[in-house]
Amino acid sequence: MAAITRIGVIGLGTIATEHLKAYQRCADAEVVAVCDLDRDRAEAARTRFGVEHSCGTAAELLADPDIDAVSVCVPNDQHAPIALAALAAGKHVLVEKPMAITVADAEALVAASRESGKVLQVGYVRRFSPNALLLKRFIDAGDLGEIYLAKASLLRAAGNPGGWFSDRSVSGGGPLIDLGVHLIDLCWWLMGAPRAVTVSGSTFSRLGARHNIDRPSRYRAATANPPATTVEDYAGAHVRFANGAALFVDTSYSLHGRDETSVRLYGDRGGAELEPELTLITEQNDTVLHVHPQLESTTFDLDTAFANEVAHFVAAARGEAAPEATAEHGLELTRILAAIYESAQQGHEIPLTR
């Protein structure tokens, strides 16, 4: 029997809690160290999750030769530097999305992951929800035929998290890079990962942080709110792929509307709604059928998705599963996100070059 995989978690904000809970459910892994620049927060996490050791810097954690793999849960601008350092230290890496906030950094991570021979998995957790995994099985079996169109929205009326999420110099952007990246990756993965060729995007910054609005606590960052925001309120995009397929996506932190999550895919043999509830749509006997698969949860299941994501990462690190949500996937998503922002700024469609 292979030894338990020893894990370190770097950065202990809100998302790290999900990683820590998921590792507790993984029989093949044990978190042995946590670190955060806020030493009180690091010690609190150590105590809450029964971890052996806490420290204040990533460098200290990465210097431990007994740690096999790490989760990188720091603010976006530190994803690439810390993931690169972890790969150089011989660790397998699960890095939260976005993998990087620049294409150059994403390219460096692809090169480093290949050179190191270590697993680099990006935190595209929505791929691992039971509803998404089941839909992927139907698509891969050909039940929807060729997927030629996808439409997805993740809209929040008053959901600016504040903290570093509102600071473009740290986050790299607003709802597009925070929420939209999940939608784009999910649809792209379900569509078979076609190569993106052009992007047209729009962003708006009309409403600001709206911290005077009573926002749901689940949207708030672990850090304090800044007095203003430098990220967009809303982003929308049209992505064209080399196989002729298209994706329409939009997302917001602030919008005079209703909260909404929807993911829809259309093929030449059938269609599917993944959100708000998994539904397969097909034709039979001259009528349209809406089929609802039997699942405990037909919507995004956060706890199970994180448990599945972490279990797959650990299995890949142990050589027991093929890597999923790879650095190459992270690079493609970084290219698409960068092109959307560039298109919005320039006011015209942007071709993706490689």
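# Notebook: sheets, cores and side-chain pairs

**Entry 1, the parallel sheet.** I started with an open sheet of six strands, which pair in parallel in the order β3-β2-β1-β4-β5-β6. At its edges I found β3 and β6 (120-123), each of which pairs on one side only. Ignoring direction, I get an average turn of 25° between neighbouring strands of this sheet. The model I am reading is a predicted one.

I then looked up how β1 is joined to β4 (residues 69-72): the two strands run parallel, with four bridges between them. One residue I checked was V9, whose bridge partner in β4 is S71. I also noted what lies across this sheet: helix α4 (residues 79-88) crosses β1, β4, β5 and β6, and runs at about 170° to β5.

**Entry 2, the mixed sheet.** Next I traced an open sheet of nine strands, in the order β14-β13-β12-β11-β7-β10-β9-β8-β15, with mixed pairing. Its edge strands are β14 (287-291) and β15 (350-351), and each of them pairs on one side only. Between β8 and β9 I found eight bridges, and these two strands run antiparallel. F204 has Y234 as its bridge partner in β9.

I listed two helices against this sheet. Helix α6 (residues 130-140) packs on the sheet and touches β7 (147-155), β11 (260-267), β12 (271-275) and β13 (279-284), with its direction at about 170° to that of β12. Helix α8 lies across β7, β9, β10 (246-252), β11 and β12, at about 155° to β10.

**Entry 3, aromatic pairs.** I searched the whole structure for aromatic pairs and got two. In one, W164 and F165 are stacked, with 3.9 Å from centre to centre and 20° between the planes. F165 has a relative accessibility of 18%, so I put it down as buried.

The other pair is F204 with Y234, whose ring centres are 6.0 Å apart and whose planes stand at 45°, so I recorded this pair as tilted. F204 lies in strand β8 (residues 196-204) and Y234 in strand β9 (residues 234-241), so the pair ties together parts 30 residues apart in sequence. How exposed is F204? It is partly exposed, with a relative accessible area of 39%. Y234, with 18%, is buried.

**Entry 4, nonpolar cores.** As background, nonpolar side chains tend to be buried together in soluble globular proteins. The largest nonpolar core here has 81 residues, and the members that touch the most others are I10, L61, V70, V93, L120, L135 and I184. Helix α8 supplies the largest share of this core, eleven residues.

I picked L135 for a contact list. Leaving out its neighbours within four places in sequence, L135 is in contact with L190, L265, A272, L274, L278 and L280. Apart from the largest core lies another one, of 26 residues, which includes A22, Y23, V31 and F313.

**Entry 5, salt bridges.** My search of the whole structure for salt bridges returned 18. I followed up some of them.

R6 and E52 meet through their side chains at 4.0 Å, N to O. R6 lies in strand β1 (residues 5-10) and E52 in the loop between α2 (39-49) and β3 (53-55), so this bridge ties together parts 46 residues apart in sequence. R6 counts as partly exposed at 25% relative accessibility, and E52 counts as exposed at 51%.

D178 and K97 meet in a salt bridge of 2.7 Å, N to O. D178 is in helix α8 (residues 175-190) and K97 in the loop between β5 (92-96) and α5 (103-116), so the two joined parts are 81 residues apart in sequence. Are D178 and K97 buried or exposed? Both D178 and K97 are buried.

E107 forms a salt bridge with R335, with 3.7 Å between the closest N and O atoms. This pair links distant parts of the chain, as E107 is in helix α5 and R335 in helix α10 (residues 327-346), 228 residues apart. I have E107 as partly exposed, with a relative accessible area of 39%, and R335 as buried, with 16%. Last, I noted one network in which E18, K21 and D303 are joined by salt bridges that share partners.

Key:
Residues are numbered from 1 along each chain as its sequence is written. This is a predicted model: local features need pLDDT of at least 70, side-chain atom pairs count only at pLDDT 80 or more; totals for chains, interfaces and linings use all residues. Side-chain values use heavy atoms; hydrogens and water are left out. Buried means under 20% relative accessible area, exposed over 50%, partly exposed in between (1.4 Å probe, protein chains only). Two strands pair if DSSP finds at least two bridges between them. Axes are lines fitted to C-alpha atoms, for helices over the stretch in contact, and angles run from 0 to 180 degrees between N-to-C directions. Contact means heavy atoms within 4.5 Å. A nonpolar core is a set of buried Ala, Val, Leu, Ile, Met, Phe, Trp, Tyr and Cys residues joined through side-chain atoms within 4.5 Å. Rings of Phe, Tyr and Trp (its six-membered ring) pair if their centres lie within 6.5 Å; planes under 30 degrees apart count as stacked, over 60 as edge-to-face and the rest as tilted.
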